[in-house]
Amino acid sequence: MVAHKFTVDLNKPLVFQVGHLGESYQEWVHQPIVSKEGPRFFDSDFWEFLTRTAWWAIPTIWLPVVCWCISMSVRMGHTLPQTALMVAFGIFLWTFVEYVLHRFLFHIETKSYWLVPSLLGSQLLGNTIHYLLHGCHHKHPMDGLRLVFPPAAAAILCIPSPFCGLYQFWNLIKFCATPSTTPALFGGGLLGYVMYDVTHYYLHHGQPTNQVPKSLKKYHLNHHFRIQNKGFGITSAFWDRVFGTLPQTKAADKAR
């Protein structure tokens with residue numbers, strides 16, 4: 001009997017289909033469909049609703065938390081210039097987290113339906129989880145309602161738990177910093193995240209006229225449509241330059 005490759009039906013909810021692609025998933029997910037109309041994820045209207053988020057929800061939800069964290073450090077005796085420096089350093093820390101997550105988590109190669117055991121005995125992502133995390137964005141890069149992190153998932157990240165990234169980010173800063181500097185550093189990191197999500201949306205749907213945002217948009221869309229295994233920065237190309245993952249220009253490619 002000849003085994004037939006699984007074919008995804010784009011007219012049906014996608015999430016529980018993509019796992020069946022197996023090793024073909026990586027090739028499929030990196031062939032983008034340029035359409036502003038996003039696909040349906042789930043049969044359930046409730047779960048489908050939770051996957052769709054307007055960009056303005058991110059600053060609306062998180063900026064009050066940022067202000068509260070920063071004000072804590074001020075109330076603990078730090079001057080405004082000191083606090084501003086801590087916030088700036090927190091933003092810088094976020095740019096590194098942004099790069100690491102995008103390169104090593106969002107672009108991890110998967111081929112199983114759900115999870116596969118790693119060499120260390122822990123569990124790595126399967127196609128289904130990867131699609132929910134980032135694969136959907138590469139398959140439908142112009143889906144404006146799935147460009148930012150859903151508030152429902154963000155609420156889960158706030159729960160004190162060893163498995164919640166936001167809680168662990170707070171604990172990491174708390175371990176390295178003093179009690180009075182931790183809130184401002186964390187607030188800076190959270191502000192960096194807000195800047196990242198809003199910038200990411202703008203790079204896909206905005207029409208920049210100034211040179212800096214135009215270059216950043218070109219750099220990011222290059223990651224989507226030309227060289228998807230390089231160019232992992234969103235708000236800047238700094239860490240791509242540091243770690244050698246800055247993609248070559250088209251002119252440099254032609255010269256080779």
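Which residue forms a salt bridge with aspartate 143? Arginine 146 does, and the closest N and O atoms of this pair are 3.0 Å apart. Keep in mind as you explore that you are looking at a predicted model.

Let's stay with this pair for a moment. Are its two members buried or exposed? A residue counts as buried when its relative accessible area is under 20%. Arginine 146 has a relative accessibility of 9%, so arginine 146 is buried. Aspartate 143 comes out at 5%, so aspartate 143 is buried too.

Arginine 146 has another partner to show you. Its side chain also meets that of glutamate 48 in a salt bridge, with a distance of 2.7 Å from N to O. Try finding both residues in the structure: arginine 146 sits in the loop between helix 6 (127-139) and helix 7 (151-157), while glutamate 48 belongs to helix 3 (residues 45-50), so this salt bridge ties together parts that are 98 residues apart in sequence. Both partners, arginine 146 and glutamate 48, are buried.

Now widen the view a little. Glu48, Arg52, Asp143 and Arg146 are linked in a network of salt bridges. The structure as a whole holds five salt bridges.

Another of these pairs offers a nice contrast in setting. Aspartate 45 forms a salt bridge with arginine 40, and here the closest N and O atoms are 2.6 Å apart. Aspartate 45 has 58% relative accessibility, so aspartate 45 counts as exposed. Arginine 40, with a relative accessible area of 32%, is partly exposed.

Next, let's visit helix 5 (residues 80-105), where you will find alanine 84. With a relative accessibility of 47%, alanine 84 counts as partly exposed. Look from there to isoleucine 70: the two residues are 14 residues apart in sequence, and their C-alpha atoms are 8.8 Å apart in space.

Our last stop is a pair of helices. The axes of helix 9 (residues 182-205) and helix 10 (residues 211-225) come within 9 Å and cross at roughly 85°. The two helices are therefore roughly perpendicular to each other. Which residues make the contact? On the side of helix 9 they are Thr199, His200, Tyr202, Leu203, His204 and His205, and helix 10 contributes Pro213, Leu216, Lys217, His220, Leu221 and His224. Sorted by character, the residues of this contact divide into five nonpolar, six polar and one charged.

Methods: Residues numbered from 1 in each chain as written. Predicted model: local features only at pLDDT ≥ 70, side-chain atom pairs only at ≥ 80, totals over all residues. Heavy atoms only, no water. Salt bridge = Lys/Arg side-chain N within 4 Å of Asp/Glu carboxyl O. Buried < 20%, exposed > 50% of the residue type's maximum accessible area, 1.4 Å probe, protein only. Helix = DSSP H or I, 4+ residues; strand = E, 2+ residues; numbered from the N terminus. Axes fitted to C-alpha atoms, helices over the stretch in contact; angles between N-to-C directions. Parallel < 35°, antiparallel > 145°, perpendicular 65-115°, else oblique. Contact = heavy atoms within 4.5 Å. Nonpolar A, V, L, I, M, F, W, Y, C, P; charged D, E, K, R; others polar.
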